[in-house]
Amino acid sequence: MLARAVTHALVGLEARPVEVEAHLQRGVPGFAIVGLPDKACQEAKERVRSGIASAELEWPLRRITVNLAPAGLRKEGSGYDLPIALAVLAASRQIPPERLAEHAAVGELALDGRLRPVPGIIVAAEAARRAGLGLLLCPLESAPEAALAGIEPVPLRHLAEASAYLQGRFRPAPVEPAVATANGSWPDLADVRGQERARRALEIVATGGHNVLLGGPPGTGKTMLARRLPGILPALTLDQALEVTRIHSVAGVLPSTHPLIDRPPFRAPHHTASAAAVVGGGRGPRPGEVSLAHHGVLLLDELPEFQRPVLEALRQPIEDGSVALARAAGQAVFPARFVLVGTMNLCPCGARGDPSVECRCTPQKLAAYGAKLSRALLDRFDLVVHMPRARGRELDAAPGEPSAEIRARVEPASGRLRESRPSLGKEGRDLLTRAVDTLPLSARGRARVARVAATVAGLAGAESIEPAHIAEALSYRAPPELAP
Amino acid sequence: MTYPSVSKGGRGYPPLLAELHDPPARLFLRGGSMDVMALPAVAVVGARSCSSYGAQVAREVARELSAAGAVVVSGLARGIDGEAHRGALAAGGLTVAVLGCGIDRDYPRAHAELARRIAESGLIVSEYPPGVEPSPWRFPARNRIVAGLARATVVVEARERSGALITADFALELGREVFAVPGEITSALSAGTNDLIRQGATPLLSAGDVLDALGLERAPPAPPPDLSPEGQAVLACLSSGALTLDEIVRATRVGSAEAAVALTELELAGLAVHADGLYRRTTGGRDPPAVAG
Ligand SMILES: [Zn+2]
């Protein structure tokens, strides 16, 4: 006897349909899974057998072969448990095969038959919808996420519920679709007193999507400011929110209580993070921090402390806005368009930029510190913002402008800039040329200044880049020791 | 590649250098010729790990000496030495770098590009033939040549018992003028220079002090710059010392963006410099750019 269930295999951010065929034959009782299952998928045998027993259903005493087709596609993870169990139940006619055929199914089984969420539900649900299946059997916790795909989820707690539902004896409660409301909020720039310089820089960064390097001695609020950048970024469109949600789902970090990520994400990996954790890789493969920060902010706190291979691996995503990860069957591509914020001390001892302490770093140590960051990476920072230690008066400063007010300037300006870039006239070009002649400013530095000046002009609502815009942009240029 | 050289007693050997107690028997040359030594030479030396203030002073003193027609001599080291060479180059002047290693070596490596620029217009010299590796014990010997080539020596920043003080000692032995830039009494970087002043070195308050001692005319001062109102306000508030941009914003009530514009105007006009988040006034000046749109 033969029965089929439909599920999906994740390939990067895509899901490919997989047919789960259960074949029961006479012979010595046994259970085999074929069709390129990985270790976690192979172990489904134990979970499925135990789950069916726990659901007080019958384990068929036959020679059972489960085939996962197409055979060439590697099946990774535990999400095949539910479709395998259902195919076995349908093949032994404990549930009607024709009812099962109207559904897609995904979910992991616990040994006691309970259903557990797996990564990538929204992606699988979207693929099921595209394949013309309107119903998805899935774990209860995953149902709001599946509903985002415009499919009707069938939320299930236990394998017994799944069989009861397919037998027509049980009707699960309908799932409320997740509504796009702000889930909490990022810390607000109103908390930051003073820091006019850095606040203005963040506004430019948010408007133009520029990468920014914050340099200064410890304790001047570099990290505190960086954490407040997502709160002034333009709001995500629904399409962007779904894209971010897919990535977080596939990475298995989506909160089940509020599955739609509807505000710019903020990621801050620790400096000990591996290259695979930062840019993606491993089994699956799994998206890295650069992709989790897609349409949001990636903070690399203490940039020179990161391992050199990690920093080198960042270059491709910064350049391309995506990460291509090689895997056995071709390539998985994850989007990775983020605003990069780096922070660093100005020297190993941290005293530079602090008027009250004297730097004791030797020239050799200083040179080694700068050399940790490759020119190619430093070139990607359009703005360098110095955050020297204030001499006591900052605390008297008034509370800062709230993030919402800043965002109200950023959003229209970034919209204008997407439509048309302000042009650089003769006066602006002359000023740039004078800057190259007079200051330490390289040709690449000049291009960065021109990019920032265009954003400054956009914020001012100007159609062309005026000398004042160039002059402000020049004040964010990298110091010669970072970008000669 | 072969390098020209001059020998003691031979043609082109600088007479001032011959006054040393143990002058080098032979000097190898890279770039130009000993003709540059016909101009009055001033050594500008100091700490390798200097403060940004010290770097600025070295650059400006060298720039003004150079603009007045002096040759700036230094040791191509990091910190003050490098800034002194850069200041002279920025003024379009001549500068001489004395190496403590083989004439073909660029040490430190980070100064290879600087060495190339020095050799283009000025001169690099060493008493060591090609191939001799840099080594710390050769640096005092290098310092005697720096002092020997110059009619006066300026020490910008120096810790106690540092190499720059050795240069000053050689200059004093030769009976040449020694200037020291006074510094904060709490700063280790000024301990050596302040001590030199106590021992009788002339405190250097401007490059003009050196020019007067050498009998050189000061370069004509820059015409009063035509600055924007914000530029004038920011420049005025920098008179009290180095400030961060936020401090400038608070002192002048000029907005952050406008203050940044004004500071770029001052930087391009040569009236202010920026290092590590602190902005300082300079003594020089060029025509300011028109930044107000
Ligand atoms: Zn330090």
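**Exercise 1. Describe the interface of chain A and chain B: how much area is buried, and what does each chain contribute?**

Solution. Start with the area: between chain A and chain B about 2900 Å² is buried, of which carbon and sulfur atoms give 52%, buried area being the accessible area (1.4 Å probe) that two parts lose on being put together, summed over both. The model is a predicted one, in which local features need pLDDT of at least 70 and side-chain atom pairs count only at pLDDT 80 or more, whereas totals for chains, interfaces and linings use all residues. Residues are numbered from 1 along each chain as its sequence is written, chains are lettered from A and ligands numbered from 1 in the order in which they are written, and side-chain values use heavy atoms, with hydrogens and water left out.

Next take the residues in contact (heavy atoms within 4.5 Å): chain A contributes 36 residues and chain B contributes 36 residues.

Then turn to the polar terms. Three salt bridges cross this interface, a salt bridge being a side-chain nitrogen of Lys or Arg within 4 Å of a carboxyl oxygen of Asp or Glu. One of them pairs A:R477 with B:E267, whose closest N and O atoms are 2.8 Å apart. Between chain A and chain B there are also 10 residue pairs in polar contact, both residues at pLDDT 80 or more; a polar contact is a pair of N or O atoms within 3.5 Å, where within protein one must be able to donate a hydrogen and the other to accept it, and residues adjacent in sequence count only if both atoms are side-chain atoms.

Finally, locate the chain A side on its elements (helices, H or I, of at least four residues and strands, E, of at least two, are DSSP runs numbered from the N terminus). The elements of chain A that give two or more residues to the side touching chain B are α8 (196-208), α15 (363-371), α18 (426-438) and α20 (467-474), and α20(A) gives the most, with five residues. By class, this side of chain A holds 15 nonpolar, seven polar and 14 charged residues, where Ala, Val, Leu, Ile, Met, Phe, Trp, Tyr, Cys and Pro count as nonpolar, Asp, Glu, Lys and Arg as charged, and the others, Gly among them, as polar.

**Exercise 2. Work out how domain 1 and domain 2 of chain A meet.**

Solution. Begin with the bounds, which come from an automatic or database domain assignment: domain 1 of chain A covers 2-166 and domain 2 covers 189-419. Their centres, taken over C-alpha atoms, are separated by 40 Å.

The contact involves 17 residues of domain 1 of chain A and 17 residues of domain 2 of chain A, and the area buried between these domains is about 1500 Å², with 63% from carbon and sulfur atoms. Of the area that domain 1 of chain A buries against domain 2, A:G12, A:L13 and A:L148 supply 35%, more than any other three residues.

One salt bridge is found across this interface of chain A; A:R246 and A:E126 form a salt bridge whose closest N and O atoms are 2.8 Å apart. Four residue pairs are in polar contact across the two domains of chain A. On the domain 1 side, β1 (2-11), α5 (121-130) and α6 (143-147) of chain A each supply at least two residues, with α5(A) giving the most, four residues.

**Exercise 3. Repeat the analysis for domain 1 and domain 2 of chain B.**

Solution. Domain 1 of chain B is assigned to 5-214 and domain 2 to 229-281, and their C-alpha centres lie 32 Å apart. Four residues of domain 1 of chain B and five residues of domain 2 of chain B take part in the contact.

About 370 Å² is buried between the domains of chain B, 44% of it from carbon and sulfur atoms. In domain 1 of chain B the residues that lose the most area to domain 2 are B:S52, B:Y53 and B:Q56, together 82% of what that side buries. The count of salt bridges between these domains of chain B is zero, while two residue pairs are in polar contact.

**Exercise 4. Where does the cis peptide bond that joins A:A69 and A:P70 lie?**

Solution. The bond between A:A69 and A:P70 is cis, with omega about 5°, and A:P70 is found in the loop between β4 (63-69) and α3 (81-91) of chain A.
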